[in-house]
Amino acid sequence: MADHTGLEVDALVKRFDDITALDGVTFAVERGQLVGFLGPNGAGKSTTMRAIMGLLRPDRGAVHWDGAPADAGTRRRFGYMPEERGLYGRMALADQVAYFAELAGLSRADADAAARRWLGELGLGDRLRDDVGALSHGNQQRVQLAVALAHDPDLLVLDEPFSGLDPLAAETMQQLLLERVHAGTAVLFSSHQLDMVEELSRDVVIVDGGRVVAAGPVEQLRAAEPTRTLVVSFDRPGVGTTWASALPGTTLLDADDDRQSFQVPADLDLGAALTLAAGAAPVTRFSFEPPDLSVVFHNAVTRSGGSRSSGGDSGRSPEGVS
Amino acid sequence: MSAARAIGLVARREVRERARSKGFRISFVVVLLGVVALAVLPKYINPTTSTDVGVVGTVPNGFEQVLASTASDDDHVSVTSYPDTAAGEKALDDGDIDVLWDPSAGQVVWKGDPQATLGAQVRAAATQVQFEENATALGLTPQQQQQLATPPTMHDRSLEPTDSEEGSRAALAVGGTIVLFGAISMFGGFVLTGVVTEKTSRIAEVLLSQVKASHLLAGKVLGIGSLAVAELLALGVALLVAGSVADTISLPEVGLPSVLSTVGFFVLGFAIYATLYAAAGSLVNRQEDAQAVTFPVMLPMLATYLVALSSIGSPDSPLMVALSLFPLSSPVAMPLRIVTGDPGALEVVASVVLCLAFIWVGLVLAGRVYAGALLRTGNRVRVRDALRAADDVRG
């Protein structure tokens, strides 16, 4: 992977006292790629992000950018939004964003222009002189994103950028991230909102217990699952689910009115299933899809949970150091 | 980015945001008014005294002038004539005059107990007037009169060397120390709360992804320190201007080296203690805990201050020499010695170098504590743990 462009996280190991926070985390984010970073609380997401940003020195492993070890100089081209937001409450929006942009190396004039531009794009153009403390939570979040974006970084590392945002604000932020990705920025963001991640990013990395337990394009991960979701709708309600009992390895997920969904094996004989369903009542809809990302996530974490219980307390959170 | 630019950016933000804050402006105006009041009030609290002398009958020629010449500068003497003893005694009884001279009766009349000084002044003036009258009656020429009145030459001479400026010097040194103490408490507190704010609001995490912790702290100390020096200069100028307008203050005639050393060590002292405050701030995670760490930080300063004040008579004692070299105490002890004692140039240079070394090492260590403590939240962090955790972060 030496000629890789973008971010490479290579076998990061980090122990805090007797807690293993990172246990060989490895993945990559290419330029122009948007990667969702998933994992239960305490899986090591924030610790990994801090290591990428150089806030934390890993015991082993390395962070590379465009094939070279990341240092203070390359990190100046990274933009960061920490999990716990950090802004000066009593500082005007424009000054604040410009300050961080200058710290990242922009000239004063460029920093001022960038602050205006990004705050404007995030819908805060009319509040440039307001103190951050006077803003709503969601708007503060936008300012935090503006801080991460202002120096036009090559890599964006965003820890829970959507938490606490209303749907409209989340949509604005999604649009902005997609624009950045199209412009060639590498984006790594963590989130617990799996439906949003599925909608937004083609690729995900799932960590648990300080290890990557699944990684790759969402579509591939879904396809690799041994189960499928079968949804059948009938022309009337109250058909009952006994017709499906003849299907092998099938679990009822949900049934309401005229619609029923089942978890079925990936190699289910679809023709036979349709015949059975049609025998119960006229079928108006029949779909057979890979499971949602939430199922992929659940299964990946459950599988790793087995290995974790034998690995001592390696799954305890790095935040647990607190 | 160069270290200088990073430190400069942080310092500029500190100056701009502090100066913008309402609390800072209000406190500045309050202190400014206080200083002006300090300069002007003595004029009203301690106005010039006036002495009123009554004379029964015609006031002899020259009596008032002679009386005035024996009074002190801020004592205004007025002489009033009364037609008879009764009128004079009434004025004395009413408090219009302090003393009544009745030449024909040969009496100096008081309302109560005689006042020795005023009595002597009145007698001396009366004697002088009488002397001139007698001389004229004896037919002496004015030249002969003058010859007769010429006093013997009497200059003051002391066996021990005296320093007319010693009072001013000690006042400057002690005053400088008090101002240093106050300024460090106030502006050091700014550094402390600034650091704690950045830690608790996790701004530090964004900052440290771009700036080294030691640069961050250095910028903070530099920015707030510049503000402190600027405010003190402004207050100093206000004090002098108001004082000279009100004519209550005259610049002590102290040598430039004394002033420069006091100011120079003020800056060093501020930097040292602000660095300590920054490190202390790195160890706490809640604004409420911040005050708890301020006392231990100020303790060495307080101790030095008390020791130095009690040793003001022996500024070059071994204890004072040691204190003037040790970085935590030298910003107080060394200017005191420079002003009131006689430290060698080598000692002064050594003291400055030790201060600078302390600041540098202090900032680097504080930076490590800051970065190390950042990832540990919860209760107060022990220095040892923070330094150990600093191995986990870049310094």
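**Figure 1. A charge from chain B meets a ring of chain A.** In this predicted model, the charged end of R13(B) sits over the ring of Y88(A), at 3.5 Å from the ring's centre. Y88(A) also belongs to an aromatic cluster, which it forms with Y99(A) and F100(A). Another charge over a ring can be found within chain A: K14(A) lies over the face of F16(A), 5.6 Å from the ring centre.

**Figure 2. Helix α3 of chain A and its cover.** Let us stay with two members of that cluster, Y99(A) and F100(A), and look at the helix that holds them. Helix α3 of chain A spans residues 93-103, and 11 of its 11 residues are buried. Among them are the hydrophobic-looking names you might look for, such as L93(A), V97(A) and L103(A), but also D95(A), Q96(A) and E102(A). What packs against these buried residues? From chain A come α4 (108-121) and α5 (137-149), and from chain B come α1 (3-20) and α8 (203-208). Just after the helix, G105(A) takes a positive phi of about 115°.

**Figure 3. E14(B), a buried residue in helix α1 of chain B.** Helix α1 of chain B, one of the elements that the buried residues of α3(A) pack against, is also where E14(B) is found. Is E14(B) buried or exposed? Its relative accessibility is 1%, so E14(B) counts as buried. Setting aside neighbours within four places in sequence, E14(B) is in contact with E198(B), G219(B), K220(B), G223(B) and I224(B).

**Figure 4. An edge-to-face pair in chain B.** Over all chains, a search of the whole structure finds 12 aromatic pairs. One of them joins F24(B) and F187(B): the ring centres are 6.4 Å apart and the planes make an angle of 70°, an edge-to-face arrangement. The pair links distant parts of the chain, with F24(B) in helix α2 (residues 22-45) and F187(B) in helix α7 (residues 166-200), 163 residues apart. Both partners fall under the 20% limit for buried residues: F24(B) has a relative accessibility of 11%, and F187(B) has 2%.

**Figure 5. S185(B), a partly exposed residue in helix α7 of chain B.** Helix α7 of chain B also contains S185(B). With a relative accessible area of 32%, S185(B) is partly exposed. Which residues does S185(B) touch, not counting those up to four places away in sequence? They are Y277(B) and M298(B). To follow the chain in space, look for V297(B): it is 112 residues from S185(B) in sequence, while their C-alpha atoms are 9.8 Å apart.

**Figure 6. S351(B), a buried residue in helix α14 of chain B.** Here the view moves to helix α14 of chain B (residues 345-374), where S351(B) is found. Its relative accessible area is 0%, so S351(B) is buried. Leaving out neighbours within four places in sequence, the contacts of S351(B) are F265(B), S324(B), L325(B), S330(B) and M334(B).

**Figure 7. An open antiparallel sheet in chain A.** Back in chain A, 4 strands form an open sheet with antiparallel pairing, in the order β12-β13-β11-β14. Which strands stand at the edges? They are β12 (251-256) and β14 (283-289); each has a single partner strand, so one side of each is left without a neighbour in the sheet. On average, neighbouring strands are turned by 15° against each other, direction ignored. The antiparallel pairing of β11 (residues 227-234) with β14(A) runs over 6 bridges, and V232(A) stands opposite F286(A) in β14(A). Helix α9 of chain A (residues 270-280) lies across β11 and β14, running at about 150° to β14(A).

**Figure 8. Chain A as a setting for the close-ups.** Chain A has 10 helices and 14 strands. Its C-alpha atoms fill a box of roughly 75 × 50 × 40 Å along the principal axes. Of its 322 residues, 52% are buried. Among contacts in chain A with a separation of 6 or more, 70% are between residues 24 or more positions apart. The chain exposes about 13400 Å², and carbon and sulfur atoms supply 48% of that area.

Definitions and conventions. Residues are numbered from 1 along each chain as its sequence is written. Chains are lettered from A and ligands numbered from 1 in the order in which they are written. This is a predicted model: local features need pLDDT of at least 70, side-chain atom pairs count only at pLDDT 80 or more; totals for chains, interfaces and linings use all residues. Side-chain values use heavy atoms; hydrogens and water are left out. Rings of Phe, Tyr and Trp (its six-membered ring) pair if their centres lie within 6.5 Å; planes under 30 degrees apart count as stacked, over 60 as edge-to-face and the rest as tilted. Helices (H or I, at least four residues) and strands (E, at least two) are DSSP runs, numbered from the N terminus. Buried means under 20% relative accessible area, exposed over 50%, partly exposed in between (1.4 Å probe, protein chains only). A charge sits over a ring if NZ of Lys or CZ of Arg is within 6 Å of the ring centre and within 35 degrees of the ring normal. Contact means heavy atoms within 4.5 Å. Two strands pair if DSSP finds at least two bridges between them. Axes are lines fitted to C-alpha atoms, for helices over the stretch in contact, and angles run from 0 to 180 degrees between N-to-C directions. Accessible areas come from the Shrake-Rupley method with a 1.4 Å probe; for residues, only the protein chains shown count as cover.
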